[in-house]
Amino acid sequence: MSEVGVALELRGVSKRYPGTLAVDGVDLTVLAGEVHAIVGENGAGKSTLMKTIAGSFNDYSGEILVNTKEVALHSPAIARSVGIGMIHQELSLAPPLSVAENLLAGRLPKRFGLLDRRRTISESRRLLEQIGLNLDPNVRVEEISQHEAQLVEIAKTLGNRPCILVMDEPTSSLSRDEVGRLFEIIRRLRNQGLAIIYISHHLSEVFEIADRVTVMRDGRKVAMKEIAEATPAQIVEMMIGGMVSDLYAERAAAPGEYRFRVTGLTRWGFFHEVSFSVRKGEIFGIGGLSGSGRSELARSLCGIDPVDAGTIELDGRRLKPSCYREAIEAGIAYLTEDRKQAGLALRMTMAENALSAVIPRLCRLGVYLPGRWRDRLTELISSLRVSPPDPGAETGSLSGGNQQKVLLAKWLAAGPEVLILDEPTRGVDVGAKGIIHRAIAKLADDGKSVILISSDLPELVGLSDRIAIMRKGRLIGEMAGTDCAEEAVLLAANGEVEMLKT
Ligand SMILES: Nc1ncnc2c1ncn2[C@@H]1O[C@H](COP(=O)(O)OP(=O)(O)OP(=O)(O)O)[C@@H](O)[C@H]1O
Ligand SMILES: [Mg+2]
């Protein structure tokens with residue numbers, strides 16, 4: 001290969017964490033004007049490799065060449081200065097600050113030594129426009145949604161005009177429309193000659209956007225292929241080093257009687273007149289675009305957020321609205337889509353997080369007795385195949401997909417009657433997804449009720465017994481089992497068909 005056009009070259013790069021060789025002798029060549037995908041199971045070392053490139057570590061080994069010159073990428077500032085831009089898997093925005101302050105962090109425009117507000121706002125608008133996001137730069141990041149935050153993160157990185165752009169699961173919070181828009185941006189940047197590294201667990205995305213793909217397993221590079229010469233099945237086999245078993249779990253029992261009833265539930269400005277009932281042993285799916293009000297509904301269903309009207313009933317008992325404690329005690333659990341901000345305490349151990357929802361039950365007469373739960377925890381860790389399977393590991397040191405499994409373990413340990421899942425498999429690999437799907441199906445087979453919110457259409461359609469669509473804060477239409485086709489859900493979510501009848 002001629003040296004011209006090689007934007008980034010890695011030779012035998014390794015990075016060790018205490019006790020783990022996360023990246024093991026990786027060679028990688030990324031060309032200017034290509035989208036190079038990196039795939040691999042949870043914990044394969046993808047994020048660690050990208051963080052190395054972004055200058056997060058000063059103790060990696062091996063050589064890294066940027067535009068054919070060797071550089072020691074020992075700090076984020078060095079990486080930025082040689083033109084590397086990184087969009088992190090776990091967003092790096094400061095929630096209490098405004099969108100504008102986040103976008104221009106470290107390079108806010110000044111005038112006579114003071115902040116130049118007009119330029120700050122106009123420059124922010126320009127960056128947001130570039131990615132087609134219509135957002136007031138003055139609002140604080142903590143007030144915007146997860147998917148808007150993801151786009152803000154992207155705009156912020158592009159603001160530094162990188163020549164190598166690293167994207168670690170940039171689409172995990174985006175809807176299909178937004179993914180489409182992001183892909184337009186990526187294609188434009190590629191045509192401008194940027195080298196783009198793209199990490200995703202969605203192989204369909206990889207096949208749509210990438211030119212070449214590198215597969216990682218256990219910290220090593222196992223293959224590199226031209227996309228045009230690869231098939232999804234091949235890639236998956238290389239990722240897991242074997243064949244995939246059936247992704248969607250078979251359901252055993254048929255759903256029983258209706259037991260969770262929601263009537264006319266309204267929170268002004270978020271969702272309106274929402275009514276539905278879920279049966280014992282049923283998985284009730286809610287489809288829709290991001291921003292349609294699904295997460296807001298979920299938060300109100302379990303009493304985190306207030307409601308303005310309507311009722312929630314479980315087994316014939318009316319629940320006090322806006323009371324999280326009562327909802328928890330009644331057996332309603334909510335798995336948040338936002339694991340980093342709200343779901344997990346990253347500095348605490350896996351065991352502490354997984355058992356945090358059952359702490360009251362760990363105590364007998366005021367004595368803390370976690371020992372009784374150790375077996376249950378060990379069982380959960382092994383059935384969800386959390387890696388490493390060490391209950392004492394700090395949660396923040398787990399890979400993104402494994403953190404998601406700990407969050408799920410937390411609610412499975414609590415043994416809820418009604419489990420509301422908001423994007424339960426975000427960021428998990430194909431194999432782990434199957435495990436989580438089986439865990440959800442088993443919960444329903446054990447007679448529990450599951451409400452599944454998912455933007456992953458194959459998942460929503462594959463798991464749900466019934467699906468309703470949320471659109472602009474209203475539940476429209478409902479489809480039963482066999483009538484749920486991906487296409488139909490997509491059309492309904494976009495408002496392209498009036499009403500869905502079964
Ligand atoms: N801060 C850390 N301290 C110790 N070990 C870590 C740390 N971060 C990651 N690891 C370990 O390094 C390995 C690689 O993790 P990494 O986050 O790079 O995986 P990944 O391929 O990005 O996975 P995912 O698809 O789940 O995001 C894993 O075994 C993980 O547990
Ligand atoms: Mg990762």
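Let me start with serine 356, which sits in the loop between helix H12, residues 350-355, and helix H13, residues 359-362. This is a predicted model, so please hear everything that follows as a description of that prediction. Serine 356 has 15 C-beta neighbours inside 10 Å and therefore counts as partly exposed, given that a buried residue would need 20 or more and an exposed one would have 12 or fewer. What lies 57 residues away from serine 356 in sequence, yet 9.3 Å away in space, C-alpha to C-alpha? That residue is alanine 413, and alanine 413 brings us to helix H15, which spans residues 400-414.

Helix H15 has a neighbour in helix H16, residues 430-445, and the axes of the two come within 11 Å and cross at roughly 10°. Because angles under 35 degrees count as roughly parallel, H15 is roughly parallel to H16. On the H15 side the contact is made by Gly401, Lys405, Leu408 and Leu412, and these meet Ala432, Ile436 and Ala439 in H16. Sorted by class, that contact between H15 and H16 holds five nonpolar residues, one polar residue and one charged residue.

H15 also takes part in the surroundings of ligand 1, since H15, strand S2 (20-31) and helix H1 (46-53) each supply at least two residues of the shell. In total 19 residues surround ligand 1, and the closest are Asn42, Ser47, Thr48, Ser399 and Gly401, so that Gly401 appears both here and in the contact with H16. By class, the shell around ligand 1 has 13 polar, four nonpolar and two charged residues.

Turning to the sheet, six strands form an open arrangement with mixed pairing, in the order S6-S9-S10-S3-S11-S12. Which strands stand at the edges? They are S6 (84-87) and S12 (220-226), each of which has a single partner strand, so one side of each is left without a neighbour in the sheet. From one strand to the next, the twist averages 20°. At the S12 end, strand S11 (residues 212-217) and S12 run antiparallel and are joined by six bridges, with valine 213 standing opposite lysine 225 in S12.

Two helices can be placed against these strands. Helix H5, residues 146-159, packs on the sheet and touches S6 and strand S9 (164-168), with a direction that makes about 175° with that of S6. Helix H8, residues 232-240, lies across strand S3 (35-40), S11 and S12, and runs at about 30° to S11.

There is further strand pairing to mention, between strand S1 (residues 6-17) and strand S4 (residues 61-66), which pair in the antiparallel sense over five bridges. Within that pairing, leucine 8 has valine 66 in S4 as its bridge partner, and valine 66 also stands opposite lysine 69 in S5. S4 and strand S5 (residues 69-70) run antiparallel and are joined by two bridges. In their hairpin, which has two residues between the strands, asparagine 67 takes a positive phi near 45°.

I will finish with helix H9, residues 294-301, which is mostly covered, with seven of its eight residues buried. The buried residues in H9 are Arg294, Ser295, Leu297, Ala298, Arg299, Ser300 and Leu301, and just after the helix, glycine 303 takes a positive phi of about 80°.

Methods:
Residues numbered from 1 in each chain as written. Chains lettered and ligands numbered in written order. Predicted model: local features only at pLDDT ≥ 70, side-chain atom pairs only at ≥ 80, totals over all residues. Near = placed C-beta within 6 Å. Helix = DSSP H or I, 4+ residues; strand = E, 2+ residues; numbered from the N terminus. Nonpolar A, V, L, I, M, F, W, Y, C, P; charged D, E, K, R; others polar. Pairing = 2+ DSSP bridges. Axes fitted to C-alpha atoms, helices over the stretch in contact; angles between N-to-C directions. Parallel < 35°, antiparallel > 145°, perpendicular 65-115°, else oblique. Contact = placed C-beta atoms within 7 Å.
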